[in-house]
Amino acid sequence: MRIHLKFFASVRETVGTGAETIDVPADVTTVGALRALLIARGEPWAGALAEGRALRMACNQQMCDAGTVLAEGAEVAFFPPVTGG
């Protein structure tokens with residue numbers, strides 16, 4: 001399945017790109033599994049997307065959680081929580 005990724009703010013700065021398209025294995029069916037796949041790439045992905053890190057996710061421009069099911073052509077975005085001030 002082909003997935004479109006977007007990275008924003010500090011996540012983008014850490015991984016060095018704002019977007020990419022990847023083909024994921026058949027067993028990657030959720031946003032959480034996708035995140036784990038990206039973490040498995042090693043650094044800088046592991047640090048930017050680490051499970052303990054405060055991180056927001058969206059699938060097809062809707063906020064989501066790790067259990068959100070992926071579909072062909074989905075757009076998944078990763079970004080830090082928004083803070084105001």
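**Exercise 1. Work out in which order the helices and strands follow each other from the N terminus.**

Step 1. Set the terms: helices (H or I, at least four residues) and strands (E, at least two) are DSSP runs, numbered from the N terminus.

Step 2. Read along the chain: the elements run β-α-β-α-α-β-β-β. That comes to three helices and five strands.

Step 3. Check the overall build. The radius of gyration is 12 Å, close to the 12 Å that the globule rule gives for 85 residues, so the protein is as compact as a globular protein of that length. Here the radius is taken over C-alpha atoms, and the rule is 2.2 Å times the number of residues to the power 0.38. Along the principal axes, the C-alpha atoms fill a box of roughly 40 × 25 × 20 Å.

Before going on, a word on the source: this is a predicted model, in which local features need pLDDT of at least 70 and side-chain atom pairs count only at pLDDT 80 or more, while totals for chains, interfaces and linings use all residues. Residues are numbered from 1 along each chain as its sequence is written, and side-chain values use heavy atoms, with hydrogens and water left out.

**Exercise 2. Find the pairing partners of strand 3.**

Step 1. Two strands pair if DSSP finds at least two bridges between them.

Step 2. Take strand 5 (residues 75–79): strand 3 (residues 56–59) pairs with strand 5 in the antiparallel sense, over four bridges. In this pair, Arg56 stands opposite Phe79.

Step 3. Now turn to strand 4 (residues 62–64), which is also antiparallel to strand 3, over three bridges. Here Met57 has Cys64 as its bridge partner.

Step 4. Look at the turn. Two residues lie between strand 3 and strand 4 in their hairpin, and Asn60 takes a positive phi near 50° there.

**Exercise 3. Decide how strand 5 is covered and what else pairs with it.**

Step 1. Use the cut-offs: buried means under 20% relative accessible area, exposed over 50%, and partly exposed in between (1.4 Å probe, protein chains only).

Step 2. Apply them to the strand: five of its five residues are buried. Glu75, Ala77 and Phe79 are on one side, with Val76 and Phe78 on the other. For the protein as a whole, buried residues make up 35% of the 85 residues.

Step 3. Add strand 1 (residues 2–7), which pairs with strand 5 in the parallel sense over four bridges. In this pairing, His4 stands opposite Glu75.

**Exercise 4. Compare the settings of Arg35 and Thr17: is each buried or partly exposed?**

Step 1. Locate them. Arg35 lies in helix 2 (residues 31–39), and Thr17 sits in the loop between helix 1 (9–15) and strand 2 (19–23).

Step 2. Classify them. Arg35 counts as buried because its relative accessibility is 7%. Thr17, at 25%, counts as partly exposed.

Step 3. List the contacts (heavy atoms within 4.5 Å). Leaving aside neighbours within four places in sequence, Arg35 touches Leu49, Ala50, Glu51, Arg53, Leu55, Met57 and Phe78. With the same neighbours set aside, Thr17 is in contact with Phe7, Arg12 and Trp45.

Step 4. Follow one of these up: Thr17 and Phe7 are ten residues apart along the chain, and their C-alpha atoms are separated by 7.1 Å.
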